Amino acid sequence: MLVRSFARSLWSTARVEKRFLASKPAKPEPNSMEDIEAQQAAALDNDICLLVDEKDNMIGTATKRVCHTVGPDGSIPLHRAFSVFLFNKRGDMLLQKRSSQKVTYPDYYTNACCSHPLFIDGKPEDVITAAQRRLNHELGIPMDQLDASQFTYLTRIHYHDPGDGVWGEHELDHILFLQGDFPVKPNSAEISEYCYVPKNEFNAFIPTLEGPMTPWFNMVRRHRLKLWWDNLHRLDELKETDKIHKFISEN
């Protein structure tokens, strides 16, 4: 069952069932692991990402496969991405575990939703539009509950991580915060576990995770998360939309 082993390590069973157990998957369960793997493989060639320079200017397009393949010299094309940090009205943060069938960073723990704006119908997709699309796809949040005005765009992060040496990341990542009590029905092809973590228990919870954290989430956790989480009520004052931060992965 989703989140059972994820949340049990810190909270009692009764408390977990009341506050943290996930809903049923948003989409029908695939018939087999092969079906999930086929979906992930298809996205590598069907999803067209936006190549950018170090100032976030779009300079071209490439498939998701190309944008995540580590070259012989360790290089990976720089492309635009986004990361959504989702909080309920109490201020607890949604933490998820990526499916074991994900091509990049399978079984890693991360924030609510991490993906890419795409090149669709001959034009680049807006970052918040992409975030709405992926929150619906991965977490099953209805599109009509994801108004663009609810998102807070905080800043951008430029990072490079070689991953497993075959698949990695080199992204200019737009950081988005979203707060509200949304219905969550996770897509099992994308997410294997999730729970909401209270701020005052987060530091104690992280060492209990049964796997690594994604590099982008870990960098935000180390450099900015506490500041932003402490100030959910005044995020507009903390925006750095003109800045691009360069953080170094620990991996």
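This is a guided walk through the structure above, from the overall picture to a cavity, the cysteines and a few single residues. Keep in mind as you turn it on the screen that this is a predicted model.

Let's begin with the whole chain. The protein has 8 helices and 12 strands, and 53% of its 251 residues count as buried. Its accessible surface comes to about 11700 Å², and 49% of that area belongs to carbon and sulfur atoms. The contacts tell you how the chain is put together: if you take those between residues at least 6 apart in sequence, 71% join residues that are at least 24 apart. We will meet several such pairs below.

Now look inside. How many cavities of 30 Å³ or more does a search of the whole structure find? The search gives 3, and the largest cavity has a volume of about 200 Å³. Its lining is made up of 23 residues, and those nearest its centre are Arg98, Lys102, Cys114, Ser115 and His116. The elements that contribute two or more residues to this lining are helix H4 (64–68), strand E3 (79–87), strand E4 (93–98), strand E6 (113–115), helix H5 (127–139) and strand E10 (169–179). As for chemistry, the lining of the largest cavity divides into 11 charged, 6 polar and 6 nonpolar residues.

Cys114, one of the residues nearest the centre of that cavity, brings us to the cysteines. A search of the whole structure finds 0 disulfides. Cys49 is in no disulfide, and the nearest cysteine sulfur, which belongs to Cys67, is 4.5 Å away. A disulfide here would need the two sulfur atoms within 2.5 Å. Cys49 is also buried, with a relative accessible area of 0%. Cys114 is in no disulfide either; for Cys114 the nearest cysteine sulfur is that of Cys113, 6.4 Å away. Cys114 counts as buried because its relative accessible area is 13%, and the cut-off for buried is under 20%.

From Cys114 it is natural to step to Trp216, since the two residues are in contact. Trp216 lies in helix H7 (residues 215–223) and is buried, with a relative accessible area of 4%. Which residues does Trp216 touch, not counting those up to four places away in sequence? They are Ser83, Arg98, Tyr105, Thr110, Asn111, Cys114, Tyr159, Glu169 and Asp173. Of these, Arg98 is another residue nearest the centre of the largest cavity. Trp216 also sits 9.4 Å from His158, C-alpha to C-alpha, although 58 residues separate them in sequence.

Tyr105, a contact of Trp216, deserves a look of its own. Tyr105 is placed in the loop between E4 and strand E5 (109–110), and at 5% relative accessibility it counts as buried. Its backbone has a positive phi of about 50 degrees although Tyr105 is not a glycine. The loop between E4 and E5 also holds Asp107, where phi is positive too, at about 65 degrees, although Asp107 is not a glycine. Is Asp107 buried or partly exposed? With a relative accessible area of 31%, Asp107 is partly exposed.

Next, move towards the end of the chain. Phe247 lies in the segment after strand E12 (244–246) and is buried, with a relative accessible area of 12%. Leaving out residues up to four places away in sequence, Phe247 touches Ile157, His158, Tyr159, Met219, His223 and Arg224. Tyr159 is therefore a contact shared by Phe247 and buried Trp216. Phe247 and Ile157 are 90 residues apart in sequence, and their C-alpha atoms are 7.0 Å apart in space.

We end with two partly exposed residues. Ser75 lies in the loop between H4 and E3, with a relative accessible area of 38%. Beyond its neighbours within four places in sequence, Ser75 is in contact with Thr69, Val70 and His160. Pro162 is 87 residues from Ser75 in sequence and 8.2 Å from it in space, C-alpha to C-alpha. Ala41 is found in helix H3 (residues 33–46) and counts as partly exposed at 35% relative accessibility. Ala41 and Arg65 are 24 residues apart in sequence and 8.8 Å apart in space, again C-alpha to C-alpha.

Methods. Residues numbered from 1 in each chain as written. Predicted model: local features only at pLDDT ≥ 70, side-chain atom pairs only at ≥ 80, totals over all residues. Heavy atoms only, no water. 1 Å grid on protein atoms, 1.4 Å probe; cavity = no way out; pocket = protein on both sides within 12 Å on 5 of 7 lines; lining within 4 Å. Points joined across faces, edges and corners; volume = space filled by probe spheres on them. Helix = DSSP H or I, 4+ residues; strand = E, 2+ residues; numbered from the N terminus. Nonpolar A, V, L, I, M, F, W, Y, C, P; charged D, E, K, R; others polar. Buried < 20%, exposed > 50% of the residue type's maximum accessible area, 1.4 Å probe, protein only. Contact = heavy atoms within 4.5 Å. Areas by Shrake-Rupley, 256 points an atom, 1.4 Å probe, with all protein chains shown as cover.
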